[in-house]
Structures are given as C-alpha cells and as structure tokens.
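Q: Could you take me through the largest pocket of this model, step by step? I would like to know which residues lie nearest its centre, and what surrounds them.

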Amino acid sequence: MREDTRSRIQEIALKLFTEQGYEATSLREIAEELGVTKAALYYHFKTKEDIVASLADMRVADIEELQTWFRSLPKTPETRRELVLRYAAKLTNPRYLEVARFMERNQTAMRDHPKIHRMREVMLELTDELNDPGDPLAVRISRSMALFTLHAGKWMSQDKKLTDEEINEAAIEVALRLMEP
C-alpha cells in the first residue's frame with residue numbers, strides 16, 4: 001500500500017511538474033490533486049526535491065542493474081546486443097517517458113540537482129563499459145550513440161501514424177547497427 005501511494009504521488013507530481021513547471025508547482029498542489037492532506041504527503045516525501053530524487057534513484061537502479069549484469073560477462077557482440085535489448089525493454093516502462101518529458105521541460109530547474117547528476121554519470125559509465133580500451137574513437141562513439149538512439153526513438157511518438165511498437169522496433173534496429181559498426 002505504501003509503495004502504491006508513493007507511486008501515485010510520483011505520478012501526480014510528474015504530471016504537474018511537466019504541465020506547470022517544477023518551480024511553479026507546490027507540494028500543496030500535489031496534495032490537493034491527490035486528495036490528501038499536506039501532512040499525508042509529507043509522510044512519503046518532505047520536499048519536491050525528494051520526489052525528483054526518488055525518480056532519479058529508480059532510473060539509476062535500472063542502469064546499475066544492467067551494469068552489474070554486463071560486467072559479469074565477456075564483452076562480445078552478443079552481450080552488447082543483449083545489453084541493447086535489455087536497455088530497450090527498460091525504456092518501455094511508461095514512467096520512463098514521463099520522467100524524460102519532465103526533465104526536458106524543466107532543464108534549468110534540474111541542471112544542478114545532485115541525483116540528476118548521478119543519473120547522467122551512471123549512464124555515461126554504462127556507455128564507457130561498452131568499449132574496450134583500444135577501440136577506435138569512431139567505434140566508441142557509435143556504441144554510445146546506440147543507447148541514445150533508443151532514447152531518441154521515444155520522441156517519435158509525436159508522429160500519430162506510428163505505433164509505439166513500430167518506433168521501438170526501428171530504434172532497436174538502428175541501435176544494434178550502431179553497436180557493432
């Protein structure tokens with residue numbers, strides 16, 4: 001029950017942060033939208049920053065889980081391919097797109113948030129791990145771009161003629177080509 005409430009708070013906060021802006025949204029507004037008192041909201045999150053930190057922590061945990069798995073195996077084309085597929089699967093979580101939209105619309109407010117910095121760092125660590133020390137720069141860039149291609153595909157959802165499945169399949173196809181140039 002507690003996790004359901006936390007999840008609902010995150011969902012409402014993301015909606016309001018995206019629609020109104022992070023700075024313009026208060027905890028009072030989040031509580032009102034949820035239909036709870038501010039005290040009830042404080043039980044789960046003391047500040048807006050705590051809500052953002054919880055979202056970033058979820059993303060970091062997803063990436064660290066992939067890193068742990070990837071580090072346990074030899075760096076082969078097969079494991080790199082599987083990493084792309086596992087990463088793509090994580091991006092199908094609807095919460096991912098909500099968080100991405102929130103961050104895109106609130107870049108200034110999030111620029112110095114320490115948990116957002118950690119999220120960026122762990123993503124860069126993952127892209128670094130895709131490569132061997134002697135790999136040429138073009139290969140390293142290509143492999144890094146493979147993961148970012150999966151993110152870029154999410155913005156294609158604005159094209160109403162395409163389904164999410166079509167977009168995901170195309171993004172994975174391009175990412176796999178970039179993974180082994």
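A: Happy to, and a definition comes first: on a 1 Å grid over the protein atoms alone, a pocket is an open set of points with protein on both sides within 12 Å along at least five of seven lines, whereas a cavity is a set of points where a 1.4 Å probe fits but cannot get out. Lining residues have an atom within 4 Å of a point. Grid points are joined across faces, edges and corners, and a volume is the space filled by probe spheres set on the points.

Please keep in mind that this is a predicted model, where local features need pLDDT of at least 70 and side-chain atom pairs count only at pLDDT 80 or more, while totals for chains, interfaces and linings use all residues. Residues are numbered from 1 along each chain as its sequence is written, and side-chain values use heavy atoms, with hydrogens and water left out.

Now to the pocket itself. The largest pocket holds about 430 Å³ of space, and 16 residues line it. Y96, A100, M103, M119 and H151 are the ones nearest its centre. Two or more lining residues come from each of α4, α6, α7 (107-110), α8 and α9 (137-154). Helix α6 supplies the largest share of this lining, with five residues. Helices here are DSSP runs of H or I with at least four residues, strands are runs of E with at least two, and both are numbered from the N terminus.

The largest cavity is worth a look alongside it. The count comes to one cavity of 30 Å³ or more, and about 30 Å³ of space lies in the largest one. Its lining consists of V52, L55, A56, V99, F102, M103, I116 and M119. Here the elements that give two or more residues are α4 (48-71), α6 (94-105) and α8 (114-129). M103 and M119 are among the residues that line this cavity, and M103 and M119 are also among those nearest the centre of the largest pocket.

Helix α8 deserves a closer look through two of its residues. T127 sits in α8 and counts as buried because its relative accessibility is 3% (buried means under 20% relative accessible area, exposed over 50%, partly exposed in between, with a 1.4 Å probe and protein chains only). Leaving aside residues up to four places away in sequence, T127 touches S144, L147 and F148; contact means heavy atoms within 4.5 Å. E121 is also placed in α8, but at 43% relative accessible area E121 is partly exposed. From E121 to Y96 the C-alpha distance is 17 Å, with their places 25 residues apart in sequence, and Y96 is one of the residues nearest the pocket centre.

To finish, here is the wider setting. The chain has ten helices and zero strands. Its C-alpha atoms fill a box of roughly 55 × 40 × 35 Å, taken along the principal axes. Of the 181 residues in the chain, 41% are buried. Among contacts between residues at least 6 apart in sequence, 69% join residues at least 24 apart.
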